[in-house]
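User: Please take a close look at a single part of this structure and describe its surroundings in detail. I would then like to see how the rest of the fold is arranged.

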Amino acid sequence: MIRTIIIDDEVSAINVLSLLLNKKCKDLVEIIATTNSPEEGKKLIEELDPDLVFLDIEMPGMTGVDLVRTFRQPRFRVIFVTAYDAYAIEAFRLSAVDYLLKPVEAADLLAAVEKIRNDISHNQHSLTVQLQKLEKILRYNPETDNKIGIGMAEKIVFVNVGEILYCEAQGSYTHVYLVSGQKIVATKLLGDFEQQLLSHNFFRIHHSHLINLGKVKEFQRHDGGSVIMDNGKELEVSQRKRKDFLEAINDFLV
């Protein structure tokens with residue numbers, strides 16, 4: 001049996017998850033404790049040494065990620081339970097951490113628990129590395145101003161990431177196009193921008209263009225495909241990038 005603790009600041013969420021686990025995973029999981037306090041959750045983990053923790057991300061006083069990071073070498077597995085939006089869910093996928101999206105579906109819960117069981121049986125455990133990747137990606141919050149500095153020939157300008165429509169390679173320079181219509185000529189290569197902005201929901205659709213996925217108005221399927229940005233600019237999606245691009249925008253589709 002997988003000895004399990006549930007930590008979520010919403011008592012109703014704990015009750016729902018407990019009910020689902022007892023109904024769908026009773027032969028796999030034993031719930032040894034629950035709490036709606038991250039501080040108490042930390043103590044329970046230290047005292048009970050669980051195999052698995054279901055952990056909410058957004059909790060008052062301490063986030064789920066912060067809680068796990070208080071353990072120098074966590075031995076337990078974690079399934080994050082989150083109400084985050086589509087962008088943040090992509091962050092979880094990129095980090096390869098296990099997660100469930102609220103409201104939790106029974107089939108998703110069973111699949112997540114089965115995966116944990118397989119990880120335990122094969123002694124696979126890389127939570128520390130996964131958390132490092134996750135923390136880096138989740139630093140970007142699309143609801144808040146998140147500025148980067150762009151080096152120009154004579155100055156450095158700071159812009160909100162969300163104001164960038166796309167970046168275009170121009171030799172050893174990069175042209176950065178903003179929502180306002182302004183163009184910034186940066187003294188960095190497009191690859192440098194790709195490295196900086198990849199975790200901010202940007203995607204390189206072509207060797208010449210890095211786009212803000214949140215500023216795409218249309219995707220045209222003809223030929224290799226192209227995107228229409230919010231400013232009306234049409235940019236080609238290379239054949240080599242088409243499949244990865246379609247996967248990247250999958251969470252935006254209905």
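The part in question is His209, which is found in strand β12, residues 209-212. Is the residue buried or exposed, and which residues does His209 touch?

Analyst: The model is a predicted one, and the description below should be read accordingly.

His209 has a relative accessibility of 11%. Because the limit for a buried residue is under 20%, His209 counts as buried. Its side chain makes a polar contact of 3.0 Å with the side chain of Glu168. Not counting residues up to four places away in sequence, His209 touches Glu168 together with Tyr166, Cys167, Leu190, Phe203, Arg204 and Leu235.

The preceding residue, Ser208, is found in the loop between β11 (202-206) and β12. Ser208 counts as buried too, at 16% relative accessibility. With residues up to four places away in sequence again set aside, Ser208 touches Cys167, Glu168, Ala169 and Leu190. Cys167, Glu168 and Leu190 are thus contacted by Ser208 as well as by His209. The side chain of Ser208 also makes a polar contact with the side chain of His207, at 3.1 Å. Between Ser208 and Thr174 the C-alpha separation is 9.2 Å, with their positions 34 residues apart in sequence.

Elsewhere in the chain, five strands form an open sheet in the order β2-β1-β3-β4-β5, with parallel pairing. Its edge strands are β2 (29-35) and β5 (98-101), each of which pairs on one side only. From one strand to the next, the twist averages 25 degrees. β1 and β2 run parallel and are joined by six bridges, and Ile2 stands opposite Val29 in β2. β1 is mostly covered, with five of its six residues buried.

Two helices can be placed against these strands. α1 lies across β1, β2, β3 and β4, and runs at about 170 degrees to β2. In helix α2 (residues 38-48), the buried residues are Pro38, Gly41, Leu44 and Ile45. Seen down the axis of α2, these residues fall within an arc of 105 degrees, so they line one face of the helix. That buried set packs against β1, β2, β3 and α3 (64-69). The face of α2 turned away from its buried side carries Lys43 and Glu47, which are exposed. Just after α2, Asp49 takes a positive phi of about 50 degrees.

The nonpolar interior can be described next. In soluble globular proteins, nonpolar side chains tend to be buried together. Here the largest nonpolar core has 19 residues, and those with the most contacts inside it are Leu21, Phe54, Leu109 and Val113. The elements giving two or more residues to this core are β1 (2-7), α1 (11-24), β3 (52-56), β4 (77-82) and α5 (106-121). A second, separate core of 18 residues includes Leu44, Ile57, Leu67 and Val78. Leu44 is also one of the buried residues of α2.

Leu21 gives a closer view of the largest core. Leaving aside its neighbours within four places in sequence, Leu21 is in contact with Phe54, Leu109 and Val113, and also with Ile6, Lys26, Val29 and Ile31. Val29, one of these contacts, is the residue in β2 that stands opposite Ile2.

Terms used. Residues are numbered from 1 along each chain as its sequence is written. This is a predicted model: local features need pLDDT of at least 70, side-chain atom pairs count only at pLDDT 80 or more; totals for chains, interfaces and linings use all residues. Side-chain values use heavy atoms; hydrogens and water are left out. A nonpolar core is a set of buried Ala, Val, Leu, Ile, Met, Phe, Trp, Tyr and Cys residues joined through side-chain atoms within 4.5 Å. Buried means under 20% relative accessible area, exposed over 50%, partly exposed in between (1.4 Å probe, protein chains only). Helices (H or I, at least four residues) and strands (E, at least two) are DSSP runs, numbered from the N terminus. Contact means heavy atoms within 4.5 Å. A polar contact is a pair of N or O atoms within 3.5 Å; within protein, one must be able to donate a hydrogen and the other to accept it, and residues adjacent in sequence count only if both atoms are side-chain atoms. Two strands pair if DSSP finds at least two bridges between them. Axes are lines fitted to C-alpha atoms, for helices over the stretch in contact, and angles run from 0 to 180 degrees between N-to-C directions. The arc is that of the directions from the helix axis to the C-beta atoms.
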